[in-house]
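Here is a short report for a reader new to this structure. Look over the sequence and the model first, then read on.

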Amino acid sequence: SAKDYQRGSGSEETPEELDPYVMPVQTRTGHYNTWDLSWRGWKKAAELHLNSAEGFVMMHLSSLVVTTNLAAFLSYLDPEKPYFMGHVRGLNTWNSEGILYNDKAAYMLNKRALRLLYFRLTAIREDVDGSGGGEYVCQNAPGEFEEKRIAACLKDVGVIPMETRDKEGRQRFILSRPRNRDEFKNCSPYPLSFGQIYNVQDYQTMEYYTLKQPYMDAHIGIEAPTGVAFRISGQAHLSMDEHGDNPNLDKKTGAWLHSTAAPKCLKNSFQRCPCTVRLPKGLEGGDVSSGMCTDGGSLGDGESCLVSCAGGRSASKATCNDGVLVFPPLKCEIQDQQICTVPQLPPHTIYSKKPGDYVASKEKLTVTCEKGFRLTGGKEQQSFACFQGELSLGSGCQRCGKWTIKVKGARYQLKGWDKIKFNGAKTDNFEVNGVTTGSKEDPVKNCQEFGHPEQLLLQEKLSQTTVLALSCSNQEIFVDEAVFDETDNAWCS
């Protein structure tokens, strides 16, 4: 926070406040899609804020980063070298995967590492679904394993986890929340992050031990980092060479960086890279003397071009920074003035307007079903808004009945999961999704008590109607079978 910054640095200057950005990521399978959120989020961080900070943190909602300690820690390191910091994991799979990764509770990239990661992420093919590629591959895929996949992407460009433990082997990125002075003695002084912070009292305890006691100034006495890569020592069965690789595996550090897929400028440390223009949705380019901001165009390092929202509003300048085109923080809204036309009625369906009537932009059309029929999710009535000239009404009303759904858990199976009942429509489809615990979408709101960030829900896929709250996110659950009985329809007749 600005208050912590001023207290730690002794300066009255307030650091730059960055505008929040919400990633437009939707779940594509029966899982919470945290990997999609992570890799697109890192890419967007480079495009918007590469010039705004020296360090970038990806952290869990329940984690706490001590920014003053982190700033002091970073001040010892060479900003021209890439660093990937966190609580190192992966020793249990080192012999089979050869990739060490940092726990997703909180990990950090410095500016140089983010730039290299950006090049690797822009090479990910979004038209290819790599669902079967495994947990340790840098590719587009649904689901989670974000901490393992981002480590694979970083290793491709020669960045592996840094040693962040102190000289006594104590952690600086701490996964739990020490509750008293004795527990804090097991942590490194001036810790950089904590996990499992769920309430104000936990936060105040962390602040007391990290910013007030026993240290009056968080910048005095912090042990300098070694700046070297994490090393496996004292475990003969876990071999590691001088490059941080497992010599028995073919997953080598910097493999992508030296491949034909990587830009040639990355192979020469003295050469700065040009930028390929990739415009976000809602932006358009404009001619200037140094180049054009049009999709697929090119800018030299240091060159700029004008970008604006569609319609020429809020024009500003995007600048090429050694291969990364950094966009200004434009706030573009979609201008939607298109009207919709009410389509012909599907069988057993009633509209609030006649077919052929007009529906204004953002106006809603109400759809109601005849007896014995329901919309997806078992709904008798639903309203749909006109958006950009389209009404997404689905398949209309379908025969209603009762579903019997069977789900399976990867770690454990609870009683009743083999015969979950749901009143719905014949065309319903089901999946398991994760929602943030404690949010308005969470009907249970107790997973934070067990240290888990999400609640897993069985939902109808299209309507997102919740069928049943299943478990916390300490395991994976999938739909094994769903059987529909249209004779059991007394509830909707």
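The sections below take up helices, cavities and a few single residues in this predicted model.

## Helix H6 and its surroundings

Start with helix H6, which spans residues 146-156. It is mostly covered: 11 of its 11 residues are buried. The stretch includes charged residues as well as nonpolar ones. Glu146, Glu147, Lys148, Arg149, Lys155 and Asp156 are buried. So are Ile150, Ala151, Ala152, Cys153 and Leu154.

What do the buried residues of H6 pack against? Two of the partners are helices: H2 (34-49) and H5. The others are strands E3 (84-85), E5 (101-102) and E6 (106-110). Just after H6 comes glycine 158, which takes a positive phi of about 85°.

## Where H5 meets H6

Helix H5 covers residues 111-122. Its axis lies 9 Å from that of H6, and the two helices pack at an angle of about 100°. Angles of 65 to 115 degrees count as roughly perpendicular, so H5 is roughly perpendicular to H6.

Which residues make this contact? From H5 come Ala113, Leu117, Arg120 and Leu121. From H6 come Ile150, Cys153, Leu154 and Asp156. The residues of this contact divide into 6 nonpolar, no polar and 2 charged.

## Helix H3 and the loop after it

Helix H3 runs over residues 67-74. This helix is also mostly covered, with 6 of its 8 residues buried. Those buried residues are Thr68, Asn69, Leu70, Ala72, Phe73 and Leu74.

Tyrosine 76 sits in the loop between H3 and E3. Is tyrosine 76 buried or partly exposed? Its relative accessible area is 45%, so tyrosine 76 is partly exposed. Leaving aside neighbours within four places in sequence, tyrosine 76 is in contact with Ile222, Ala224 and Pro225. Threonine 226 belongs to the picture too. The C-alpha atoms of tyrosine 76 and threonine 226 are separated by 9.0 Å, yet these residues are 150 residues apart along the chain.

## Two buried residues

Serine 62 lies in a loop, between strand E1 (55-59) and strand E2 (64-65). Buried means under 20% relative accessible area. Serine 62 has 13% relative accessibility, so it counts as buried. Its contacts, leaving aside neighbours within four places in sequence, are Gly195, Gln196, Ile197 and Tyr198.

Threonine 34 is found in helix H2. Its relative accessibility is 16%, so threonine 34 counts as buried as well. Threonine 34 touches Gly143, Glu144 and Glu146, not counting residues up to four places away in sequence. Glu146 is one of the buried residues of H6.

## Cavities

Rolling a probe the size of a water molecule over the atoms shows where empty space is left. How many cavities of 30 Å³ or more does a search of the whole structure find? The search finds 4. The largest cavity has a volume of about 90 Å³.

This cavity is lined by 13 residues. Closest to its centre are Leu100, Lys155, Ile160, Pro161 and Gly244. One of these, Lys155, is also a buried residue of H6. The residues of the lining divide into 10 nonpolar, 2 polar and 1 charged.

How values were computed
Residues numbered from 1 in each chain as written. Predicted model: local features only at pLDDT ≥ 70, side-chain atom pairs only at ≥ 80, totals over all residues. Heavy atoms only, no water. Axes fitted to C-alpha atoms, helices over the stretch in contact; angles between N-to-C directions. Helix = DSSP H or I, 4+ residues; strand = E, 2+ residues; numbered from the N terminus. Parallel < 35°, antiparallel > 145°, perpendicular 65-115°, else oblique. Contact = heavy atoms within 4.5 Å. 1 Å grid on protein atoms, 1.4 Å probe; cavity = no way out; pocket = protein on both sides within 12 Å on 5 of 7 lines; lining within 4 Å. Points joined across faces, edges and corners; volume = space filled by probe spheres on them. Buried < 20%, exposed > 50% of the residue type's maximum accessible area, 1.4 Å probe, protein only.
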